[in-house]
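Let's learn to read the boundary between two domains, one feature at a time. Have the sequence and the structure open as we go.

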Amino acid sequence: MIKDFEYLAPKTLKEALTLLDKYGDDCKIIGGGQSLLILMRQGLIAPKYLISIKGLSELSYIKETKEGLNIGALTTHRAIEKSPVIQKKFSVLAEMEQRLASIQTRNWGTIGGNLCHGEPAGDPAPVLIALKATLTIASLKGERSTAVEDFFVDYFEVALEHGELLTEIQLPAAPPRTGTAYTKFNVIQSDLATVGVAVSITLGSGDGICQDIRIALGATAPIAMRAKKAEEVLRGKKVTDNLLKEAGEVASTEAQPISDIAASEEYRRELVRVLVPRMAKEALTRAKA
Ligand SMILES: Cc1cc2nc3c(=O)[nH]c(=O)nc-3n(C[C@H](O)[C@H](O)[C@H](O)COP(=O)(O)OP(=O)(O)OC[C@H]3O[C@@H](n4cnc5c(N)ncnc54)[C@H](O)[C@@H]3O)c2cc1C
């Protein structure tokens, strides 16, 4: 049963920030409500005020820039999935969205709400880490920027301070010869990941050497994490099947999964061992295309 609360619907970002600053721990921002309302219904949280940002069209956009692409925090999963520019330039993001929840949830849920919920099995986080995304966070004091991988603190905990609201996600344009791939293993279609793996590879010009690589894992630790030791297995080398296998083995030891209702710790490690080489191979194919 949801406890009574006061619903506030600011008309501008400035108004929302003012309310957020005023009510602090007594309030919660609500975007699409797809995650927040579950917590409220389960009685896990009971904010006195809900500040709805759903009406703030200034936070819902997908814009190409000289540096890459900016996505407003209030942009829905469905808008990202269907965006022609994202399908063309960041196809991995559209592919990820297609597998996130159901169409109904994707129509309401927002990318910003997903990240701020801090769910370790969320799909966007590993993909955005692989894509080197940065976040803009606003408060009455001004704006600050953070790498998406520094945003996650612990289970369902993100690096937002008093009065802060996530406003934008920035994706830098990928260097030439870069490929990125993501998959998640889940038992029920459109459910959260049992394990999610995103890999981005940039190849050197003509030599086929892996110049840069990012391997990001979801549902394998309290937060979405990079498998940095596994990246080192491949960075600066010509990628071979043996090295891919080794990278998978290293990533599976780096991961810190738990056993829960979805899978045992051992099973999750095995998924990482198998999916890291598989996604690295796919990223490699895309980098060569
Ligand atoms: C049936 C179902 C299946 C799902 N399956 C998946 C799945 O497969 N993969 C996956 O990744 N997710 C899944 N989800 C989770 C869900 O899609 C996302 O978490 C959702 O996108 C959250 O966005 P929202 O706008 O609804 O956030 P809300 O529920 O409104 O808010 C979530 C949290 O973020 C805060 N918040 C929201 N926006 C901001 C902001 N701009 N700045 C600061 N704080 C903010 C809120 O205060 C709250 O704490 C599923 C959810 C459901 C209900």
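**Reading a domain interface**

In this predicted model, domain 2 and domain 3 share 10 residue pairs in polar contact, with both residues at pLDDT 80 or more.

Q: Which elements give two or more residues to the side of domain 2 that touches domain 3?

A: A good habit is to map the touching side onto secondary structure. Here the elements are helix H5 (91–98), helix H8 (124–130) and strand E8 (152–154). H8 gives the largest share, 5 residues.

Q: How do the residues on that side divide into nonpolar, polar and charged?

A: After the elements, look at residue classes. The side of domain 2 that touches domain 3 has 15 nonpolar, 3 polar and 7 charged residues.

Q: Where do the domains lie along the chain?

A: Happy to step back to the domain bounds. Domain 1 covers 6–52, domain 2 covers 57–172 and domain 3 covers 179–288. The centres of domain 2 and domain 3, taken over C-alpha atoms, are 21 Å apart.

Q: How many residues are in contact, and what area is buried between domain 2 and domain 3?

A: Contact counts and buried area can be read side by side. On the domain 2 side, 25 residues are in contact with 25 residues of domain 3. About 2100 Å² is buried between them, and carbon and sulfur atoms give 57% of that area.

Q: How many salt bridges are there between domain 2 and domain 3?

A: For this feature, look at charged side-chain pairs. The count between these two domains is 5 salt bridges. To see a salt bridge up close, find Lys132 and Asp212, whose side chains meet at 3.1 Å, N to O.

Notes:
Residues numbered from 1 in each chain as written. Predicted model: local features only at pLDDT ≥ 70, side-chain atom pairs only at ≥ 80, totals over all residues. Heavy atoms only, no water. Domains from an automatic or database assignment. Contact = heavy atoms within 4.5 Å. Buried area = accessible area lost by both parts, 1.4 Å probe. Salt bridge = Lys/Arg side-chain N within 4 Å of Asp/Glu carboxyl O. Polar contact = N/O pair within 3.5 Å; in protein donor to acceptor, adjacent residues only side chain to side chain. Helix = DSSP H or I, 4+ residues; strand = E, 2+ residues; numbered from the N terminus. Nonpolar A, V, L, I, M, F, W, Y, C, P; charged D, E, K, R; others polar.
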